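Here is a walk through one interface and one pocket. Have the viewer open as you read.

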Amino acid sequence: MDRPHSFTEYIFLTAAVCSGLLTAAVFLFLLIFSLPLLQNGELTDLLLSSWAPDKGMYGIYPMLMASLTLACLSLVISFPLSLGCSFVISALAPARLRRFLLSMVRLMTGIPTVVYSFAALFLLVPFMRNILGHGSGMSILTAAPVLALLIAPTMIIFFVGSFEKVPLSATLAVDALGGNPIQKLLYVMIPQAWPGIINGVLLGFGRAMGDTMISLMLAGNSVSAFNSLSQSARSLTAHIALVMAFDFDSMEFKSIFVCGLLLYIFTAILMLLLRMSTLCLSGKR
Amino acid sequence: MKNRFHLFSLICATLVLLLSSSSGALASDLAPFTGQQGSLRIAGGTAHISVMKEAAKQIIQSNPKIQISIAGGGSGLGIKQAGEGLIDIGNSGRKATDEEISKYDLKLFKWAIDGVGVVVHPENSVKGLSSVQLQDIYVGKISNWQELGGADRQINLYTRDEASGTREVFWKKGLNKGDISAKANVVVSNGAMKTAVAGDPFAIGYISVGHMDQSVTPLALDGVLPNLDTVRSGEYRVSRGLYSLSKGEPSGLAKLFLDFILSPSGQQIVAENGFIPVR
């Protein structure tokens, strides 16, 4: 590695090291605060039991499941939409429409999640209540499409970016061979761009898992384990937001550090796994 | 039943009249703020917010150099953050426990009495419940409005987060410490509860009496409707004090603010917002 030799480079290096250290520091902070719980061997209790502070149970299993289900479901909804949208933007639409669509998508990334949730609270929640015919209308099924809307722009921008990185020579060759845009997309662009697609999906999943406001306002926050998607549920992030206000010394408050740690570890493992698999697979080609 | 409705609308009308006729605070109550400047941070109980906002508005109008920020978060947060010194005044809809008071050296100021009433959507035909029915509903034993004479629809339970003083009081006095079903939806403020119940024809929830308006219908509990009169007379028993608290003796702006809330002008604001003044 080149040694940094100018002042500017030192500044950049410091910035990079600091942000790296901060990430590690957050992990350490969470770990230290959840250590008392982890040492008592209560981890399995916490992971597998339900939340009933009155009865001395501080389990977060229902929240963990709700978070994972919400993130997966929103990804399932959002992935085909985002992929289709990025096809249109990068290959199928006329140039002017492409620019318009892309700027709309960029605009969407800037909309605060509370705005989505607020709109959905008045539009989607009553609709879901009527459709389902029971319950309050606040459920996993209500929150998931809104989460999907939230993570779509992130994924679209990543997909479009990776399509743009496909070498011009390859796409020109398809044109020269008389291939139509669909063939170009299916046989050249997707095979070339798929590591970028996976990265986009990863980021989208991370955002869905980490978002608080949407699940807090739309999923209903009930602490029971859900057995159908039309039921009210509480995500890990919403749980942290709801329990935050407790006394620092209470068991409730301590247990949310474990929630934070779990969220951290889950996203980290997921990122690592998929990064590694992309590296391995793209290395093979 | 009709009488009760009349009574309720009468109260509403009185409230509107009071609100429209309120001509601001007495100058003498605002006098201590002249020449003061600085900022004051207030957070905690969500039932308190309307009164806090009006008081802050009057203070700031009389002296624009004072900044007052008001946040919710729940009584638990109010007690905790005031105790940790993160805010100047914490609000709590329940009395702080002796443990909290001694640990943080808290000083409590009770400035209003408030009831916590069960509310449903205005279209709901159920008008009253017994304590036992209420407990059965919240524990999940009664799960259909039909069992109470209403429509054949599932009861949508709403409750507050665990930091809520409203929840604490409701649980203690309304449910006699009965369990609240884990299936209940959880909302994070009195305002959010009102919005949720007002938008859900099959909902049941509970809010501060001061927060009630036409968008939700209060249910009589054991034959007593929650309103200002029944709370004041003690006939409606699910009631509580509204407190503000400070770490140690309040000083500076915090002291002036608390004095103002307890002054005739402040107590008038309390009454105008649907709570029962203590003085």
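How many salt bridges does a search of the whole structure find over all chains?

## Salt bridges

The search turns up 14 over all chains, a salt bridge being a side-chain nitrogen of Lys or Arg within 4 Å of a carboxyl oxygen of Asp or Glu. One pair to pull up is B:Asp200 with A:Arg129: B:Asp200 sits in the loop between α8 and β8 (203-208) of chain B and A:Arg129 in helix α5 of chain A, so this pair joins two chains. Their side chains meet at 3.7 Å, N to O, and the rule finds one salt bridge across the interface of chain B and chain A.

## Ground rules

This is a predicted model, where local features need pLDDT of at least 70 and side-chain atom pairs count only at pLDDT 80 or more, while totals for chains, interfaces and linings use all residues. Residues are numbered from 1 along each chain as its sequence is written, chains are lettered from A and ligands numbered from 1 in the order written, and side-chain values use heavy atoms, with hydrogens and water left out.

## The A/B interface

Chain B puts 26 residues in contact with 25 of chain A (heavy atoms within 4.5 Å). Together the two chains bury about 2100 Å², 51% of it on carbon and sulfur atoms; that is accessible area (1.4 Å probe) lost on putting the two parts together, summed over both. In chain B, B:Lys80, B:Glu162 and B:Val186 lose the most area to chain A, together 27% of what that side buries.

There are also 10 residue pairs in polar contact between chain B and chain A, both residues at pLDDT 80 or more. Such a contact is a pair of N or O atoms within 3.5 Å; within protein, one must be able to donate a hydrogen and the other to accept it, and residues adjacent in sequence count only if both atoms are side-chain atoms. By class, the chain B side that touches chain A has 10 nonpolar, seven polar and nine charged residues.

## The second largest pocket

Which residues are closest to the centre of the second largest pocket? Of the 22 that line this pocket, they are A:Leu121, A:Met217, B:Ala192, B:Thr195 and B:Ala196. The largest share of the lining, six residues, comes from α5(A). The lining divides into 16 nonpolar, four polar and two charged residues.

Note on methods
Ala, Val, Leu, Ile, Met, Phe, Trp, Tyr, Cys and Pro count as nonpolar, Asp, Glu, Lys and Arg as charged, and the others, Gly among them, as polar. On a 1 Å grid over the protein atoms alone, a cavity is a set of points where a 1.4 Å probe fits but cannot get out, and a pocket is an open set with protein on both sides within 12 Å along at least five of seven lines; lining residues have an atom within 4 Å of a point. Helices (H or I, at least four residues) and strands (E, at least two) are DSSP runs, numbered from the N terminus.
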